[in-house]
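Q: Please take a close look at a single part of this structure and describe it in a connected way.
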Amino acid sequence: MATQAALAIDGGDLPFGGGLLALVRPALNLLQPGGVLAVHSRAPGIADEFFTWCKVEHHELIEAAPQAGFTRLLIRKGSLGAPRGGMEHGLDLPVVQGRLDAATVLNTVPFPPAADPAVGFAPRGARVEPGGPVYPFTLNERDHVAPPDVAQLYDQAVNAQWNAETDIAWDRIRPLPPALQQAVGQIMTFLAENELSALYVPSRFIARIHPAYVEVGMFLSTQLADEARHIDVFLKRARKGGGGLGISHATTSASLHSLLVLEDFTEAAFLLSVLGEGTFLDLLRFIEDHAPDEVTAEIARRARADETRHVHFGMSHVKHALQHDPSLYGRLEAAVRRRSATLAGVGGVPAAVQDALTILAARGTDPVSVRAGHERFRELLAVMHENRVKRLRNAGFSAEQAGTLSDLHTPNFM
Ligand SMILES: [Fe+2]
Ligand SMILES: [Fe+2]
């Protein structure tokens, strides 16, 4: 029985080395190994050319028959060196409500449960020719890395970017009384120092994430852009209006160092984003509520909107990982305890920060207002604790665990 070709192409009189292969190779790529391609060619001497080429490429030339005015070649596709993975040929992403967003892509080409480091930077869904090197990715499992809503969070982040240079009415900042000016400078110094840690900590993990879960790296890259903008905007605010930077405390430094040295992605997301950035939401709200001018309030409000996304991603990551690995509860608890132990001897909130927040809430230095400012600061600590407990309960910790872990969280807030 004559061999049936799954696919046929007409090469006209294209010479073998003059474009014919540009038709033959993509046609073969559409076939599974063992599939047969028919090629009709009017180029002279074409059978000999294909005989040699098929040998080199591990295909089989099963027929080269002269016909009236052309040669009919039948090529059986070889399996050696054939790319792995299904074909995306014919795929068409749906446009949903006029948008072709990352979530649409993720619904069409979902995350694999596990990813092979030997596929390197091949985009998810591509067919991968074997033989490439093994890449040093270590985060190769979906349930430890990629929460299901990460693509939506990436889209939200892209749409929520703002510009620290043009979106802030810098010309509306007026000089403040010296004590208030100094307080603002100190708070901005503290914020910028913590923002630096929020830039560095996630960046340590991006290169470890398998590209099959690239949306996680893409989201984290928006987080890095956010943190860069926060550093920029807080330093600008400290230096606008006759002030300058304040003190960087050893307490803050020790606390942020203990974040930077974390080696586990989920532990880092838990400590930085759920506990640290979560606590910063309340701090930024406090600064917004007590800001001495509308510009400072606006800066705090915008930063808090960004941080809400970072906390959301941290919560999604940790909750998704906990659902698939309940032993993680113990590991996360141990991570909080370890960090607390390394910070033993570190006192309460850094003194200059505590004073600055008190003066900010007092809006000045008269003793009656300062007493009220001090009360507002005590209330802030209570609200931070309450909201940390809520987040921990939401992640699945018991009420008792949540209370203990919140108490153990660094007095540096982040
Ligand atoms: Fe930030
Ligand atoms: Fe953040």
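How many Å should the 31 residues of α10 span at 1.5 Å a residue, and how far apart are its end C-alpha atoms?

A: The model considered here is predicted. At 1.5 Å a residue, the 31 residues of α10 should span 45 Å. The end C-alpha atoms of α10 are 45 Å apart, which agrees with that expectation.

The beginning of the helix may be considered next. Asp293 caps the N-terminal end of α10. A side-chain oxygen of Asp293 lies 3.2 Å from the backbone nitrogen of Val295. As for its surroundings, α10 is mostly covered, since 22 of its 31 residues are buried.

His310 belongs to this helix, which comprises residues 294-324. His310 counts as buried because its relative accessibility is 0%, and the cut-off for buried is under 20%. Through its ND1 atom, His310 coordinates the iron ion (ligand 2). The other donors to this ion are OE atoms of Glu227, Glu277 and Glu307, with Glu307 listed twice. The coordination distances run from 1.9 to 2.8 Å. Along the sequence, the donor residues follow the spacing E-x49-E-x29-E-x2-H.

Glu227 also has a second role at the metal site: this residue bridges the iron ion (ligand 2) and the iron ion (ligand 1). These two ions lie 3.4 Å apart. Glu227 lies in helix α7 (residues 214-239), whereas His310 lies in α10, so the pair ties together parts that are 83 residues apart in sequence. Like His310, which is buried at 0% relative accessibility, Glu227 is buried, with a relative accessible area of 0%.

Definitions and conventions. Residues numbered from 1 in each chain as written. Chains lettered and ligands numbered in written order. Predicted model: local features only at pLDDT ≥ 70, side-chain atom pairs only at ≥ 80, totals over all residues. Heavy atoms only, no water. Donors = N, O, S within 2.8 Å, 3.2 Å for Na, K, Ca; no water. Helix = DSSP H or I, 4+ residues; strand = E, 2+ residues; numbered from the N terminus. Buried < 20%, exposed > 50% of the residue type's maximum accessible area, 1.4 Å probe, protein only. Expected span 1.5 Å × (residues − 1). Polar contact = N/O pair within 3.5 Å; in protein donor to acceptor, adjacent residues only side chain to side chain.
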